[in-house]
Structures are given as structure tokens and as C-alpha cells.
Amino acid sequence: SFENFTVFLEVPLTQALVGGELQVGFMGCTPAISANLQGAELIIVGSLSKTLGQPFLVASKDITQVSQLKGKRIGIGRFGDSTDFMTRYILKSAGLAPEKDVSFHQFAGGSAIRIQALAQGAIDATTTTFADMVVAKRMGFNVLLDLSKSTLEVLNNDVVTTGLFVRSSRET
């Protein structure tokens, strides 16, 4: 119900599903898969998209190439979420070692929050949605990478539930 939706905006959806507070949620596949690897029984029952949700890598005005991110601060949503996965993928593709070449900083909320952090100098780069990339460009930030036309396919906006809910509510 919508009452539950507002309650869980501040609580990671994965925890709410695993804890039984919610039966079904929409999320990226990365947290669901990570939870399964740690012993949870989350099931992706459908996906609304197979395109990247935040395909743009934007950086501060003095950074013009991905290789310049070495030693820099990168903004992500949460460790283990799709922004974390995508950022690590991009960095590895550029020859950087995410665990030692950059520092990751978590910002709950969407990419607009991370654009604010970029504007305030709290981070040096982040991934964004199309709309937030347009805002970042207007603010003078550099778009280092545009994967929007990439053939890379990832699950995005997935319908996730638990094995218990599937077994007990098959018709639903």
C-alpha cells in the first residue's frame, strides 16, 4: 500500500523485503542478487527495463577523462546497489582498480543528490540519469562517459519478492 511506501523510503528496500515488512518491491537487480549471495531468498519475478538506469558519468569541471579519476572521490547511491556496480564496471573498463584507485562515498537518494554533492565539492564524479546529466552539463560539469546507447544490458526496475511470498501466494 502507499502508506508503507512512504515508511520505507528511508529504509533500504532489500532489508524491508528480507525482514518481511514488504512482500513486493521495485528495485535494481544488484541488491537482490547481492542479498541472495549472502543467503537471502529474493526472487526477481519481472523486469521493466534492460537498459542502464544511470548511464552517464559526470565529473567536476577540471576532470575531462575517466583516467583522471585516480585518487578521486566518487559518489554512489549505496554500496551494493546498481550505481555502485555501474561505477565499478566503468572504472575497471578504464583500467582503474576501484578498491584502491578511488574512494566511494554513499548518498541516499537519486542522482540529483549526488549532483548537489558534486557542486559542493564533496565528490569529484558520479553516475546520473539523463535528466540529471542535462542539469550537470548546464552547471558546467563534464560528461566523461555516455553509455545510453551501449549494447550493455542490465536488469533495471525489477519486481522483487521473497521465495516465501511466492510459495505462500502463488496466485498473487
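Here is a short back-and-forth on aromatic rings, charges over rings and one helix in this predicted model.

User: What makes Phe 56 and Phe 130 a tilted pair?
Analyst: The ring centres are 6.1 Å apart and the planes sit at 55°. Pairing needs centres within 6.5 Å, and planes under 30 degrees apart would be stacked, over 60 edge-to-face. The angle falls in neither class, so tilted it is. By this rule the count comes to one aromatic pair.

User: Which parts does that pair tie together?
Analyst: Phe 56 belongs to strand E3 (residues 56-59) and Phe 130 to helix H7 (residues 130-138), so the pair links parts 74 residues apart in sequence.

User: Why is Phe 56 called buried?
Analyst: Its relative accessible area is 3%, and buried means under 20%. Phe 130 comes in at 56%; the cut-off for exposed is over 50%, so Phe 130 counts as exposed.

User: How do you know that the charged end of Arg 88 sits over the ring of Phe 104?
Analyst: CZ of Arg has to be within 6 Å of the ring centre and within 35 degrees of the ring normal. For Arg 88 the distance is 4.2 Å, and the charged end is indeed placed over the Phe 104 ring. Likewise, Lys 61 lies over the face of Phe 141, 5.7 Å from the ring centre.

User: What is the span of helix H4, set against the expected one?
Analyst: H4 (residues 82-93) has twelve residues and reaches 16 Å from first C-alpha to last, close to the 16 Å expected at 1.5 Å a residue. Its buried residues include Arg 88 and Ile 90. After H4 comes Gly 95, with a positive phi near 85°.

How values were computed:
Residues numbered from 1 in each chain as written. Predicted model: local features only at pLDDT ≥ 70, side-chain atom pairs only at ≥ 80, totals over all residues. Heavy atoms only, no water. Helix = DSSP H or I, 4+ residues; strand = E, 2+ residues; numbered from the N terminus. Expected span 1.5 Å × (residues − 1). Buried < 20%, exposed > 50% of the residue type's maximum accessible area, 1.4 Å probe, protein only. Phe/Tyr/Trp six-rings, centres within 6.5 Å; stacked < 30°, edge-to-face > 60°.
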